[in-house]
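New to this one? Take a moment to look through the sequence and the model before reading on.

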Amino acid sequence: MPRIVLLNPGPVNVTDRVRKALLLPDLCHREKEFSMLMETIRKKLLKAFDIEKEYTSALVSGSGTAALEMAVSSSLSPGRSMLVIQNGVYGERISKICEVYQFRQHTIQLNWGEPPSLENIENELKQNPDIEVVALVHHETTTGLLNPLEEVGKLARRYEKVFLVDCISSLAGDSIDFRSCPIDIAVGTANKCVQGFPGVSFVLFRKKELKRLREIPERTLYLNLTRYHKAQEAGGILFTPAIPAYYALDVALDELIEETVTGRIKRYAKAAQLLRTGFREIGLEFLIPENWQSNCLTSLHLPRDLNYEKLHDELKTKGFVIYAGQGNLSENIFRVANMGDITHKEFERFLKTLESILL
């Protein structure tokens, strides 16, 4: 019986090697063995992305949203504001976090799937000198849009703003050059393009940011970034971690380092090209232009005579899980991700199965 192929944007299919790591021996998180595991993971994250000199890392047990909330809630100085670029659910999520913490914010609100105008961003920065942090989602999985990371980052740097990026769905799947793109704070998770399991996420941030971050008052007990970082630098952990997920992340990072981030991005790009060629041949229509799309996900219009539930259920009986649209797109589109450990033959089999259902 073929395995279930997860064509959703996380959690993803993992290798047997990563799966077996979940069965490593039980471990108390206060023992030195866990301190060593945590230190190893933090170092491997920096090594994988070749950012060991300028960046440091902090791990947190939780989904990518936990790490995102930790970064957003811990990065804004009192009396300052955050500029949030919204063109999908996850940009809106950053704004929601700001609302929960009662932060002052400025927003650039766009249609879902519409890239931001650099001119509009610059106007906001000129007109609002109180802005301290510019927040952007790199891969907005609502639509599969890849936002202009370097261009926005360079604009933030020109105006001496902190650049905070939700890289949850792009890190190790789409190209991010930490040398040329001035990202100050990057948020990621284990269970997407890193190809680990849900339960642990992380924040990567520039070492030079530490002094400023430490001066920001604590606003949350569980999700304070500098408290996590300080504890982990000393070999400790603040709260009980999801130990099996840490075991698996350690092995997943070994695999990423072996494949290389560049190699994984190329593999994902090749898979996306295969799928999109197949979608065109079947006659499906893309939600956004191909040159805007991430390597990792494609949003497609549903055929007029087929609803999502029927398509999803038929595909699932054949061993494939696709993803619904969100919000006002839920009735009109479906999404196909190509993250994770999925073979060329599985993608080809999916396309044949999809064609047999639609035609």
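What follows is a short walk through a few spots in the structure, which is a predicted model.

## Cysteines without a bond

Let's start with the cysteines. How many disulfides does the structure hold? The count is zero.

Two of the cysteines show why. Take Cys167: its closest cysteine sulfur belongs to Cys181 and sits 8.2 Å away, too far for a bond. Cys296 has Cys193 as its partner in the same kind of check, and the distance between the sulfurs is 3.8 Å, which is again too far for a bond, because a disulfide needs the two sulfur atoms within 2.5 Å. As for their surroundings, Cys167 is buried, with 0% relative accessible area, and Cys296 is buried too, at 0% relative accessibility.

## A buried arginine

Next up is Arg335, which you'll find in strand S14, covering residues 333–337. Arg335 is buried and yet has no salt bridge. Which side chain of opposite charge is nearest to Arg335? That would be Glu140, 6.8 Å away, whereas a salt bridge calls for a nitrogen and a carboxyl oxygen within 4 Å.

There is a polar atom to note, though: the backbone oxygen of Thr141 lies 2.5 Å from a polar atom in the Arg335 side chain. Setting aside residues within four places in sequence, Arg335 also touches a list of others, including Leu7, Thr142, Leu297, Ser299, Tyr323 and Gln326.

## Rings that meet

Now for the aromatic side chains. The structure holds eight aromatic pairs. One of them joins Tyr55 and Phe178 edge-to-face, with 5.3 Å from centre to centre and 80 degrees between the planes. Tyr55 belongs to strand S2 (residues 55–61), while Phe178 sits in the loop between strand S8 (162–166) and strand S9 (185–189), so this pair ties together parts that are 123 residues apart in sequence.

Both Tyr55 and Phe178 are buried. Phe49 comes into the picture as well: ring pairs link Phe49, Tyr55 and Phe178 into a cluster.

## Arg80 and its company

Where does Arg80 sit? Look in the loop between helix H3 (64–75) and strand S3 (81–86). Arg80 is partly exposed, at 29% relative accessibility.

Along the chain, Arg80 and Glu132 are 52 residues apart, but their C-alpha atoms are separated by 5.9 Å. Glu132 also turns up among the contacts of Arg80 once neighbours within four places in sequence are left out; the others are Arg104, Pro129, Asp130, Ile131 and Lys161.

## Backbone oddities

A few backbone angles are worth a look as well. The peptide bond running from Gly10 to Pro11 is cis, its omega near 0 degrees. You'll find Pro11 in the loop between strand S1 (5–6) and helix H1 (16–21).

Then there are positive phi values in residues that aren't glycine. Asp50 has a phi of about 55 degrees, and it is placed in the loop between helix H2 (32–48) and S2. Glu160 has a phi near 60 degrees, and its home is the loop between helix H6 (149–158) and S8. Asp50 is partly exposed, with 40% relative accessibility, whereas Glu160 counts as exposed at 73%.

Definitions and conventions
Residues numbered from 1 in each chain as written. Predicted model: local features only at pLDDT ≥ 70, side-chain atom pairs only at ≥ 80, totals over all residues. Heavy atoms only, no water. Buried < 20%, exposed > 50% of the residue type's maximum accessible area, 1.4 Å probe, protein only. Helix = DSSP H or I, 4+ residues; strand = E, 2+ residues; numbered from the N terminus. Lys, Arg positive; Asp, Glu negative; His and termini not counted. Polar contact = N/O pair within 3.5 Å; in protein donor to acceptor, adjacent residues only side chain to side chain. Contact = heavy atoms within 4.5 Å. Phe/Tyr/Trp six-rings, centres within 6.5 Å; stacked < 30°, edge-to-face > 60°.
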